[in-house]
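Morning, everyone. Please pull up the chain on your screens, and I will walk you through the fold and its charged pairs.

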Amino acid sequence: MKNGFIDIKKIVGNKYNAGIYAYSNKHAVQLLDINNRVVSNLKIMDKIDIFKIVLNKMINNSLSPEFLGIERIFDVRMDAKEQDLEEAVNDLFHKVMFLYSKPNVNIKEILSISDLVSNRLSSDNYKHNDYVKEELSEKVYYI
């Protein structure tokens, strides 16, 4: 298993440590503070891990309203090396959240996006990333 994030949790505490955190088996990173301000600078693969977690929560047991603020980390580009890919992932995340907020959500579309993000986009296999970028662009255009 890779060292990516495996879940996100909201931590309730004092004003210094409360917020939303992403964590792996080895570490935790605060994403948003108590006022829903972005406090982390993430690499694109970290954002993709968070995207996967959100998709799984949407599909499996609905996304809790307290995690809707997570969308804010997809408002900002943070990875200077992968700006184009990050912009596409950010746009796709916003489109998925838009679909999710609609009363008649198209779960098949979200499942297909989940498949692309979770199973085909990886830092280990850059040769397929162009194909995935094209597929994601078509999905964003379709949505």
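I will start with the overall layout, then take the sheet, the core and the salt bridges.

One caution before anything else: this is a predicted model.

Okay, the layout. The chain has 143 residues, and 41% of them are buried. The secondary structure comes to four helices and three strands. What order do the elements run in from the N terminus? They go β-β-β-α-α-α-α. So much for the order; now contacts. Take contacts between residues at least 6 apart in sequence: 50% of them join residues at least 24 apart. On the outside, the chain exposes about 8,400 Å². Carbon and sulfur atoms supply 47% of that area.

Next, the sheet. It is open, with three strands in the order S1-S2-S3 and antiparallel pairing. Which strands stand at the edges? Strand S1, residues 7-11, and S3 do. Each has a single partner strand, so one side of each is left without a neighbour in the sheet. From one strand to the next, the twist averages 30°.

Let's go through the pairings. S1 and S2 run antiparallel and are joined by five bridges. Look at Lys10: opposite this residue stands Ile20 in S2. S2 and S3 also pair in the antiparallel sense, over five bridges. Those two strands form a hairpin, with four residues between them. Find Tyr23 there; its bridge partner in S3 is Ala28.

Is S2 largely enclosed or open to the outside? Four of its five residues are buried, so S2 is largely enclosed by the rest of the structure.

Now rotate to see the helix on the sheet. H1 lies across S1, S2 and S3. Against S1, H1 runs at about 80°.

That brings us to the core. Nonpolar side chains tend to be buried together in soluble globular proteins. Here, the largest nonpolar core holds 31 residues. Which of them touch the most other members? Leu31, Ile50, Phe51, Val54, Ile70 and Ile73. Several elements give two or more residues to this core: strand S2 (19-23), strand S3 (28-33), H1, H2 and helix H3 (107-120). H1 gives the most, with nine residues.

On to the charges. Side chains of opposite charge can pair when their charged atoms come close. How many salt bridges are there? The count comes to six. I will take three pairs and then a network.

Pair one is Asp33 with Arg37. Their side chains meet in a salt bridge at 2.8 Å, N to O. The two partners sit in different categories of exposure, given a buried cut-off of under 20% relative accessible area and an exposed one of over 50%. Asp33 is at 12% relative accessibility, so it counts as buried. Arg37 is at 46%, so it counts as partly exposed.

Pair two is Lys47 with Glu86. This salt bridge is at 2.6 Å, N to O. What does the pair tie together? Lys47 lies in helix H1, residues 44-61, and Glu86 lies in helix H2, residues 83-101. The pair therefore ties together parts that are 39 residues apart in sequence. Lys47 is buried, and Glu86 is buried as well.

Pair three is Arg77 with Glu87. Their closest N and O atoms are 3.7 Å apart, and they form a salt bridge. Arg77 is in the loop between H1 and H2, while Glu87 is in helix H2, 10 residues apart. Arg77 is partly exposed, with a relative accessible area of 46%. Glu87 counts as partly exposed too, at 36% relative accessibility.

Last, the network. Asp7, Lys9 and Lys57 are linked in a network of salt bridges. Look for Asp7 and Lys9 in S1, which spans 7-11. Lys57 falls in H1, which spans 44-61.

To recap: an open antiparallel sheet in the order S1-S2-S3, H1 lying across it, a 31-residue core to which H1 gives the most, and six salt bridges. Thanks. I will take questions now.

How values were computed
Residues numbered from 1 in each chain as written. Predicted model: local features only at pLDDT ≥ 70, side-chain atom pairs only at ≥ 80, totals over all residues. Heavy atoms only, no water. Salt bridge = Lys/Arg side-chain N within 4 Å of Asp/Glu carboxyl O. Buried < 20%, exposed > 50% of the residue type's maximum accessible area, 1.4 Å probe, protein only. Core = buried A, V, L, I, M, F, W, Y, C linked by side-chain atoms within 4.5 Å. Pairing = 2+ DSSP bridges. Axes fitted to C-alpha atoms, helices over the stretch in contact; angles between N-to-C directions. Contact = heavy atoms within 4.5 Å. Areas by Shrake-Rupley, 256 points an atom, 1.4 Å probe, with all protein chains shown as cover.
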